[in-house]
Amino acid sequence: MKLKKFGAVLLSALMLFTTGAAGGCGKKQSENTVRISRWALEWEKSVFENWTAEFEKKNPDITIEWEFTPYTAHFDRLRTDLLSKKAADIIFVNNWGWEPYSDIDVFEDLGAVAELEATRNSLIGTAKDALRQGDKVVGIPVGMVSRVPVVNAADFETAKIEVPSGRETSFTGSELAQLLGDVADYSGRAMGINITLTDALYLFLASAGAPLVTSDGKIGCNTPDGVKAAEEFYDFATSGRVVPLSQNQGGSYGTPDTAIMTGQVVASYTNPGGFLSLLEAGYELAAIPTVKAEGGKDTVLADFNTLVVPKFSNSKAAAYRVIQWMLSKDAQLAYAKFSDLPTNAEAFDEVMTDEENWDPALYHAFGVGIDNMYIPPALSTSFQTLLGGALKNLLDGVYTAEQFCEKMAADGPAYL
């Protein structure tokens, strides 16, 4: 269910303000100053600032000002900033925080901006139209967020098992549980992997051709293939090779620093940016492909960190120049060194194929299934609550896989 009431209130409130520059009242912001709003951890702030410092060197007429807040606070603040027209000129969003804004007409149609046409055409196919409002493309993805199991190579060495970092296909649930179980038994780890169970569910269903929610916003899992995939998910999640279920139902992602370093697990489910600090600390890590349903297609579960521009920005021309640079091949390769996978097609291909500069043991697994990418649509809090309850009942044995799929098909549409 879209939050239409919130959208209507927000849109009405916006119309009460004048159409002046960002900041509402007082001194106007310079047209050559571009404010960028993003969530960030403390260590990330200087990294992002250093990244765009390269742009400022080449474009001395434009000044960039970053505005950082913690993840949840970023989206909470966005509501207020849009109402007061104090929102930044470029705002980072993703599917998980986008839903409350998906029905309101306050962002530029970037698909209609001539200056950005070449930039959009340079992206990997799925990214070109990743964030839409009806027939408008309101966002341009700057980075692809995809997660795979990341393992400590020393554990595999202890177990005398080769790290399958070059594997060309995803694992079935039983294959991955068996592999990580074998390594765990030799290395003394308590479990195999701390994967987010909602993500695992998405992967099993989407790879079977029965996604929980289809790209056009319908429940797609209530089919024979969907039920079979849900059964395989249950077997995997309760195999004893996954971090205790209660730690995953809240949706928080496992990270190597809390899993591999503490010796809890063999594999940790994360993105490239999540394990860079461990590499710098001397850990020998490798990424391996993720899970799929038996007989299903290799699938990449992805989200995009996406750039949107408010209509009331006073610095749109300068903001478009910044976006052009951010999506250029060189800037994307620099971005991938500390954050997400590139959305620029040439940069993405280089990360996947240039073994001299991009270690295939770290990056190859992220490309397994890239031609079959599943991007969950923006989902309301109410739908996520419904899913959380149904998932718990499935894992607790209250629902069978068939009953879970029937429940989502019966009740889910009212919340989409």
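Let me start at the hairpin of S4 and S5. Two residues sit between the strands there, and one residue to look at is Gly 134, with a positive phi near 65 degrees. This is a predicted model, so read that angle as a computed value. The strands of the hairpin, S4 at residues 131-133 and S5, run antiparallel and are joined by three bridges. One pairing is Gln 133 with Lys 136 in S5.

Now S5 itself, residues 136-146. How enclosed is this strand by the rest of the structure? Largely, because 10 of its 11 residues are buried. On from the hairpin, S5 also pairs with strand S12, residues 300-308, again antiparallel, through six bridges. In that pairing, Gly 143 has Asn 305 in S12 as its bridge partner.

S12 takes up the next part of the talk. Nine of its nine residues are buried, so the strand is mostly covered under the cut-off of 20% relative accessible area. As background, side chains in a regular strand alternate between the two faces of the sheet. In S12 both faces are covered. One side has Val 300, Ala 302, Phe 304, Thr 306 and Val 308, and the other has Leu 301, Asp 303, Asn 305 and Leu 307. Note that Asp 303 is among the buried residues.

S12 has further partners. S3 runs antiparallel to S12, with three bridges between them, and Ile 91 stands opposite Val 308. With S13 the pairing is parallel, over two bridges. There, Val 300 has Met 373 in S13 as its bridge partner.

Next, the helix H8, residues 197-207. Are its residues buried or exposed? Buried, in 11 of 11 cases. The list includes Asp 199, Thr 198 and Ser 207 alongside residues such as Leu 201, Phe 204 and Leu 205. After the helix comes Gly 209, which has a positive phi near 80 degrees.

H8 and S12 come up again at the second largest pocket. Its volume is about 810 Å³. It has 38 lining residues, and those nearest its centre are Thr 214, Ser 215, Ile 375, Pro 376 and Pro 377. Which elements give two or more residues to this lining? They are helix H4 at 95-98, S4, H8, S12 and strand S13 at 373-374. By residue class, the lining divides into 16 nonpolar, 15 polar and seven charged.

Now the cores. The largest nonpolar core has 73 residues, and Trp 51 and Met 326 have the most contacts inside it. Helix H12, residues 316-326, gives the largest share of this core, seven residues. A second core, separate from that one, has 56 residues, among them Ala 177, Ala 200, Ala 229 and Met 408. Ala 200 has already come up, as one of the buried residues of H8.

What does Trp 51 touch, leaving aside neighbours within four places in sequence? Its contacts are Trp 66, Val 142, Trp 325, Met 326, Ala 331, Ala 334, Tyr 335 and Phe 338.

Three lysines are worth a slide. Lys 85 lies in the loop between helix H3 (71-83) and strand S3 (90-93). Its phi is positive, near 60 degrees, and it is not a glycine. Is Lys 85 buried or exposed? At 8% relative accessibility it counts as buried, because the cut-off is under 20%.

Lys 160 also has a positive phi, about 55 degrees, without being a glycine. It is in the loop between helix H6 (153-158) and strand S7 (171-172). Lys 160 has 76% relative accessibility and therefore counts as exposed, the cut-off being over 50%.

The third is Lys 218, in the loop between H8 and helix H9 (224-237). With a relative accessible area of 53%, Lys 218 is exposed. Even so, Lys 218 has contacts beyond four places in sequence, with Leu 212, Val 213 and Leu 416. From Lys 218 to Ala 409 the C-alpha distance is 8.7 Å, across 191 residues of sequence.

To finish, the chain as a whole. It has 17 helices and 13 strands. Of its 416 residues, 55% count as buried. Among contacts between residues at least 6 apart in sequence, 78% join residues at least 24 apart.

Notes:
Residues numbered from 1 in each chain as written. Predicted model: local features only at pLDDT ≥ 70, side-chain atom pairs only at ≥ 80, totals over all residues. Heavy atoms only, no water. Core = buried A, V, L, I, M, F, W, Y, C linked by side-chain atoms within 4.5 Å. Buried < 20%, exposed > 50% of the residue type's maximum accessible area, 1.4 Å probe, protein only. Helix = DSSP H or I, 4+ residues; strand = E, 2+ residues; numbered from the N terminus. Contact = heavy atoms within 4.5 Å. Pairing = 2+ DSSP bridges. 1 Å grid on protein atoms, 1.4 Å probe; cavity = no way out; pocket = protein on both sides within 12 Å on 5 of 7 lines; lining within 4 Å. Points joined across faces, edges and corners; volume = space filled by probe spheres on them. Nonpolar A, V, L, I, M, F, W, Y, C, P; charged D, E, K, R; others polar.
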